Amino acid sequence: YFKYLKTNNTVDNIFIIYFGFNLIISCFLHGISSAISVFVIRYIGIIAFIYFFKNRTNIKINKENVKKEYYSVNKTLRLIKIFAICEIILTAIAFFISGGGRLMLNYQCTVGNISITGILLCGYCLYISENKKNIQIFSYATFFTIIAILSGTRGYLIICIVMLGIYAILYGNKILKLLIFTFMILALLINYNTIFEKVVKVTRLGETTGRRTSEDLLVLNYMIENPINMVLGLGFGKPVNELEGVSELINKVSNSPYTTYILYKVNAFHNLYTTTYYSTGLIGISIIGMMFYNILKYIKKLNTGRQIYYILISFVFTYMFVLWFRWSATSGILEFATLSFVLINTKRFEEKKKIEGGYNE
């Protein structure tokens, strides 16, 4: 992918200069391991997409290579099958390790991470299949959603449920929509409270250590009292226990002994935007916001079909929302690589239709 390295606009260059300079200084001030780990875990996905993955979509195709360059429904379904098999293996391993509790590997939310990208591939398949294999595709999308629910990771669950709902609206036939509507009405009429309680229990929507809220409040309160840090940040990997007056702030925002204990030990936070604010200030958070805006604008410029445009925009918006609560198990690499795959093949699919004057499987 290094041959595709390229900056496309001013924001890309500003990110390299500002975040790069911040990272170098942070390595000296806070330690190489601490600074680099915080930076890589939070930003490597968007970096790979902006500077490498996205640039592949500029490759042109012609009549000679149109068929081999484009991923058909059958080829994509084989890829989705591999994703599903990997999730089954990870789920089985995590289930035995966790004893049936939340499915995690080494305290990491690994199970379900493949599902949020597998379900995006299902959206691409639905777009190009012309109803030929919609039942099979919907089955895979439902499978990925179930895995996300079983994983116990709310961020993955949110993405899968939102995307599955969008697919049902865009591609579901009248019978499917009627069945979903009828099921929801019956569920509400029969026993709303019991069903709601079970949903909350399975999805863990009612569980929280309170740590995320305390993290956000800690950073917000500290930054307001330190204008220079509010603008420029404290650098990547800055330990919270080194902040001046931090004990008073932690006692103020903490709501449990666990939160009090853990806040002294962190140098970054679950919330990507809080971590960016803490590390790079208002300047950094503005740059990240503009990079996401450019991604959304880039998707619009591709001039794809209306349905795949809604799918891609919904995925990016939902992913941005989930980043408020946590980063992913792959630091965004898998998500942005899959997004890039869908963008590349959607563009090739559109060009293929123009070249051939229509669609042929």
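Which residues does S214 touch, not counting residues up to four places away in sequence?

**View 1. Surroundings of S214 in helix α9 of the predicted model.** S214 touches V253, S254, N255, T259 and L263, leaving aside residues up to four places away in sequence. V253 lies 39 residues from S214 in sequence, yet the two C-alpha atoms are 5.3 Å apart in space. The relative accessible area of S214 is 1%, so S214 counts as buried.

**View 2. Packing of helix α9 against helix α11.** Helix α9 covers residues 211-224 and helix α11 covers residues 246-253; their axes come within 9 Å and cross at roughly 135°. The two helices are therefore oblique to each other. Their crossing is right-handed. On the α9 side the contact is made by S214, L217, L218, N221 and Y222, and on the α11 side by V246, L249, I250, K252 and V253. Sorted by class, this contact holds seven nonpolar, two polar and one charged residues.

**View 3. Packing of helix α4 against helix α5.** The axes of α4 (residues 73-98) and α5 (residues 115-129) come within 10 Å and cross at roughly 160°. Angles over 145 degrees count as roughly antiparallel, and α4 and α5 are therefore roughly antiparallel to each other. The crossing of this pair is left-handed. From α4, the residues in contact are V73, T76, L77, L79, I80, F83 and E87; they meet S115, T117, G118, L121, C122, Y124, C125, I128 and S129 of α5. By class, the contact consists of 10 nonpolar, five polar and one charged residues.

**View 4. Helix α5 and the residue that follows.** Helix α5 has 15 residues, and the distance from its first C-alpha to its last is 20 Å, close to the 21 Å expected at 1.5 Å a residue. The helix is mostly covered, with 15 of its 15 residues buried. E130, just after α5, takes a positive phi of about 55°.

**View 5. Helix α1 and what covers its buried residues.** Helix α1 runs over residues 10-30. Its 21 residues should span 30 Å at 1.5 Å a residue, and the end C-alpha atoms are 29 Å apart, which agrees. Buried in this helix are V11, D12, F15, Y18, F19, N22, L23, S26, C27 and H30. The cover over these buried residues includes α2 (32-51), α10 (227-232) and α13 (272-301).

**View 6. S331 in the loop between α14 and α15.** Helix α14 covers residues 306-322 and helix α15 covers residues 333-356, and S331 is placed in the loop between them. Phi of S331 is near 60°, a positive value in a residue other than glycine. Buried means under 20% relative accessible area; S331 has 16% and is therefore buried.

**View 7. The whole chain, for orientation.** The chain has 15 helices and zero strands. Of its 361 residues, 51% count as buried. Among contacts between residues at least 6 apart in sequence, 80% join residues at least 24 apart. The contact of S214 with V253 shown in View 1 links residues that are 39 apart in sequence.

How values were computed
Residues numbered from 1 in each chain as written. Predicted model: local features only at pLDDT ≥ 70, side-chain atom pairs only at ≥ 80, totals over all residues. Heavy atoms only, no water. Axes fitted to C-alpha atoms, helices over the stretch in contact; angles between N-to-C directions. Helix = DSSP H or I, 4+ residues; strand = E, 2+ residues; numbered from the N terminus. Parallel < 35°, antiparallel > 145°, perpendicular 65-115°, else oblique. Left-handed = near helix turned anticlockwise from the far one by under 90°. Contact = heavy atoms within 4.5 Å. Nonpolar A, V, L, I, M, F, W, Y, C, P; charged D, E, K, R; others polar. Expected span 1.5 Å × (residues − 1). Buried < 20%, exposed > 50% of the residue type's maximum accessible area, 1.4 Å probe, protein only.
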